[in-house]
Amino acid sequence: MKEVKENAPELQAPFNDPFYYLKAVVRGEVEIAPYDLSALENNLIVVEILEAAIKSAKTGQVIRFQR
């Protein structure tokens, strides 16, 4: 299989800077959908996964969790 390189297009403001993005969200200029990458719901799931990974690494056991 041949390697293919692609460049992602540059993001437009305010999405190109996390601080401008936060400012736009706080001002209501941008609405965050429930499972966007920066949404609270999505980040809570990420925390659960990371906590399970830490617990698994410490105990050597498989950690299962339900949503």
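These are my notebook entries on one chain, looked up in a predicted model.

**Entry 1: overall form.** I began with the secondary structure and found two helices and zero strands in the chain. I then looked up the radius of gyration, which is 18 Å, whereas a compact globule of 67 residues would have a value near 11 Å. Along the principal axes, the C-alpha atoms fill a box of roughly 45 × 45 × 20 Å. For one separation along the chain I took E6 and T59, which are 53 residues apart in sequence; their C-alpha atoms are separated by 40 Å.

**Entry 2: surface and charge.** I recorded an accessible surface of about 6,500 Å² for the chain, with 57% of this area belonging to carbon and sulfur atoms. Buried residues account for 12% of the 67 residues. I also looked up the charged side chains: 8 are positive and 10 are negative, and the centres of the two sets lie 9 Å apart.

**Entry 3: the segment before α1.** I placed E6 in the segment that precedes α1. Is E6 buried or exposed? E6 has a relative accessibility of 70%, and exposed means over 50%, so E6 counts as exposed. P14 lies in the segment before α1 as well. I checked the peptide bond that joins A13 and P14 and found it to be cis, with omega at about 5°. I noted beside this that most peptide bonds are trans.

**Entry 4: the ends of α1.** Helix α1 covers residues 18-26. At its start I found a side-chain oxygen of D17 reaching to within 2.8 Å of the backbone nitrogen of F19. Just after α1, I read a positive phi of about 80° at G28. As a reminder, most residues other than glycine have a negative phi.

**Entry 5: aromatic rings.** How many aromatic pairs does the count give? I obtained one aromatic pair. The rings are those of F15 and Y21, with centres 5.6 Å apart. Why is the pair tilted? The ring planes stand at 45°, and stacked requires under 30 degrees while edge-to-face requires over 60, so the pair of F15 and Y21 falls into the tilted class.

I then looked up the exposure of both partners. Y21 has a relative accessibility of 16%, and because buried means under 20%, Y21 counts as buried. F15 has a relative accessible area of 45%, which lies between 20% and 50%, so F15 is partly exposed. I closed the entry with this pair recorded as one buried ring residue, Y21, and one partly exposed ring residue, F15.

Notes:
Residues are numbered from 1 along each chain as its sequence is written. Side-chain values use heavy atoms; hydrogens and water are left out. Helices (H or I, at least four residues) and strands (E, at least two) are DSSP runs, numbered from the N terminus. The radius of gyration is taken over C-alpha atoms; the globule rule is 2.2 Å times the number of residues to the power 0.38. Buried means under 20% relative accessible area, exposed over 50%, partly exposed in between (1.4 Å probe, protein chains only). Accessible areas come from the Shrake-Rupley method with a 1.4 Å probe; for residues, only the protein chains shown count as cover. Lys and Arg count as positive and Asp and Glu as negative; His and the chain ends are not counted. The place of a charge is taken as NZ of Lys, CZ of Arg, CG of Asp or CD of Glu. A polar contact is a pair of N or O atoms within 3.5 Å; within protein, one must be able to donate a hydrogen and the other to accept it, and residues adjacent in sequence count only if both atoms are side-chain atoms. Rings of Phe, Tyr and Trp (its six-membered ring) pair if their centres lie within 6.5 Å; planes under 30 degrees apart count as stacked, over 60 as edge-to-face and the rest as tilted.
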